[in-house]
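Here is a short walk through one small set of topics: a loop residue, a strand residue, a hairpin and a pocket. Have the viewer open and follow along.

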Amino acid sequence: MVFTIEPALTIPEDRVYIRLEDVILITETGYENLSAFMPMEIDAVEKLMAETGMFEKYVPRKGTTAPPPAQAGR
């Protein structure tokens with residue numbers, strides 16, 4: 001069975017909306033956090049967010065063409 005655990009912090013007057021999500025796989029012998037590879041520290045999250053995402057790699061912007069998936073990221 002798979003669960004998501006999604007604690008959230010919302011401060012509407014400051015326009016702050018933070019959601020953390022973990023995907024947990026429950027097995028007969030215990031559990032595995034499937035999202036454990038994701039960064040949790042602020043600096044590491046900001047660094048990851050500054051990187052080119054999958055959407056930008058594969059979906060062309062207006063007036064451009066995207067590389068074929070086999071060549072993306074090269």
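## A leucine in a loop

Let's start with L34, which touches V23 and L25, leaving aside residues up to four places away in sequence. This is a predicted model, so keep that in mind as you click around. L34 sits in the loop between β5 (30-33) and α1. Another residue to look at here is I24: ten residues separate L34 and I24 along the chain, and their C-alpha atoms are 5.8 Å apart.

Is L34 buried or exposed? Neither label fits: its relative accessible area is 37%, so L34 is partly exposed. The cut-offs behind that call are under 20% for buried and over 50% for exposed.

## A phenylalanine in β1

F3 belongs to strand β1, which covers residues 2-5. Which residues does F3 touch, not counting those up to four places away in sequence? They are D22, V23, I24 and I26. V23 turns up again here, as a contact of F3 and as a contact of L34.

F3 counts as partly exposed because its relative accessibility is 44%. If you want a longer reach along the chain, try F3 and N33: they are 30 residues apart in sequence, with 9.7 Å between their C-alpha atoms.

## The β2-β3 hairpin

Next, go to β2 and β3, which form a hairpin with four residues between them. β2 covers residues 8-11, and four bridges join it to β3 in an antiparallel arrangement. For a pair to pick out by eye, I11 stands opposite V16 in β3.

R15 is worth a click in the turn of this hairpin. You'll find R15 in the loop between β2 and β3, and its phi is near 55°, a positive value in a residue that isn't glycine. With a relative accessible area of 71%, R15 is over the 50% cut-off and therefore exposed.

## The largest pocket

How many residues line the largest pocket? The count is 14, and R19, L20, P39, M40 and V45 lie nearest the centre. The volume of this pocket is about 430 Å³.

Both β3 (16-19) and α1 (42-50) supply at least two residues of the lining. The largest share comes from α1, with five residues. So β3 appears in this report both as a hairpin strand and as part of the pocket lining. By residue type, the lining splits into nine nonpolar, four charged and one polar.

## The chain as a whole

Zooming out, the protein chain has five strands and two helices. Read along the sequence, they follow the pattern β-β-β-β-β-α-α.

What share of the chain's 74 residues counts as buried? That figure is 4%. The chain exposes about 6900 Å², and carbon and sulfur atoms supply 58% of that area. As for contacts between residues at least 6 apart in sequence, 4% of them join residues at least 24 apart.

Definitions and conventions. Residues are numbered from 1 along each chain as its sequence is written. This is a predicted model: local features need pLDDT of at least 70, side-chain atom pairs count only at pLDDT 80 or more; totals for chains, interfaces and linings use all residues. Side-chain values use heavy atoms; hydrogens and water are left out. On a 1 Å grid over the protein atoms alone, a cavity is a set of points where a 1.4 Å probe fits but cannot get out, and a pocket is an open set with protein on both sides within 12 Å along at least five of seven lines; lining residues have an atom within 4 Å of a point. Grid points are joined across faces, edges and corners, and a volume is the space filled by probe spheres set on the points. Ala, Val, Leu, Ile, Met, Phe, Trp, Tyr, Cys and Pro count as nonpolar, Asp, Glu, Lys and Arg as charged, and the others, Gly among them, as polar. Buried means under 20% relative accessible area, exposed over 50%, partly exposed in between (1.4 Å probe, protein chains only). Contact means heavy atoms within 4.5 Å. Accessible areas come from the Shrake-Rupley method with a 1.4 Å probe; for residues, only the protein chains shown count as cover. Two strands pair if DSSP finds at least two bridges between them.
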